[in-house]
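Let's take a walk through this protein together, from its overall layout down to a few single residues. Keep the viewer open and click along as you read.

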Amino acid sequence: MEKSLIFIPEVSEDFIKAQRQKAKALKKSRWWRQKIQKGVCYYCGRKFPPNELTMDHVVPIIRGGRSEKNNLVPACKECNARKKHKLGFEFQLNN
Ligand SMILES: [Zn+2]
């Protein structure tokens, strides 16, 4: 990950809205369905049924992350709740 991605002062409401919409659309995509079919949580590596996995932004939208395939990973509810707004790699380091 590039350093420039880490500290982003502020993102606009419009940016957040647009990224949330994109994420919604991607959730219906074949790409995402195949991902959750595999059933592996990106963070803890355990297996889950597809309906127990949520779409997680590795770099959260509020930190400037985009709803793009390389920023979206399946996460179990437990990891998702623990991660909250931390960056993915920070979470992994503290885990
Ligand atoms: Zn997990």
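**A walk through the fold**

Start at Lys27: apart from its neighbours within four places in sequence, Lys27 is in contact with Trp32 and Met55. You'll find Lys27 in helix 1, which covers residues 13-27. Met55 is 28 residues away from Lys27 along the chain, yet their C-alpha atoms are separated by 7.5 Å. Is Lys27 buried or exposed? Neither label quite fits: Lys27 counts as partly exposed because it has 15 C-beta neighbours inside 10 Å, whereas a buried residue needs 20 or more and an exposed one has 12 or fewer.

Now zoom out, and bear in mind that this is a predicted model. The protein has four helices and two strands, and reading along the sequence you meet them as α-α-β-β-α-α. Of the 95 residues in the protein, 17% are buried. Take the contacts whose partners have a separation of 6 or more, and 60% of them join residues 24 or more positions apart. The Lys27 and Met55 pair, 28 residues apart, is one example of a contact over that kind of separation.

Back in helix 1, have a look at Gln19. Gln19 counts as buried because 21 C-beta neighbours sit inside 10 Å. Which residues does Gln19 touch, once neighbours within four places in sequence are set aside? They are Ile61, Arg66 and Ser67. With Arg66, the sequence gap is 47 residues, while the C-alpha atoms are separated by 5.9 Å. So helix 1 holds both a buried residue, Gln19, and a partly exposed one, Lys27.

Next, the strands. Strand 1 and strand 2 run antiparallel to each other and pair over five bridges. To get your bearings, pick out Thr54, which stands opposite Ala75 in strand 2. Strand 2 spans residues 72-76, and four of its five residues are buried, so the rest of the structure largely encloses it.

That brings us to the core. In soluble globular proteins, nonpolar side chains tend to be buried together. Here, the largest nonpolar core has six residues, namely Cys41, Tyr43, Leu53, Ala75, Cys76 and Cys79. Ala75, the residue opposite Thr54, is among them. Select Cys41 and leave out its neighbours within four places in sequence: Cys41 is in contact with Arg46, Phe48, Leu53, Pro74, Ala75, Cys76 and Cys79. Leu53, Ala75, Cys76 and Cys79 in that list are also core members.

Last stop: the loop that connects helix 2 (30-38) to strand 1 (53-57), where Pro49 is found. Why does Pro49 count as exposed? Because it has 9 C-beta neighbours inside 10 Å. Even so, the C-alpha atoms of Pro49 and Gly39 are separated by 5.7 Å, with their positions 10 residues apart along the chain.

Lys47 lies in that loop between helix 2 and strand 1 as well. Lys47 is exposed, since 12 other C-beta atoms fall within 10 Å, and 12 is the upper limit for that label. Beyond its neighbours within four places in sequence, Lys47 is in contact with Gly39 and Val40. From Lys47 to Cys76, a step of 29 residues in sequence, the C-alpha to C-alpha distance is 8.8 Å. Cys76, remember, is one of the residues in the largest nonpolar core.

Key:
Residues numbered from 1 in each chain as written. Predicted model: local features only at pLDDT ≥ 70, side-chain atom pairs only at ≥ 80, totals over all residues. Contact = placed C-beta atoms within 7 Å. Core = buried A, V, L, I, M, F, W, Y, C linked by C-beta atoms within 7 Å. Pairing = 2+ DSSP bridges.
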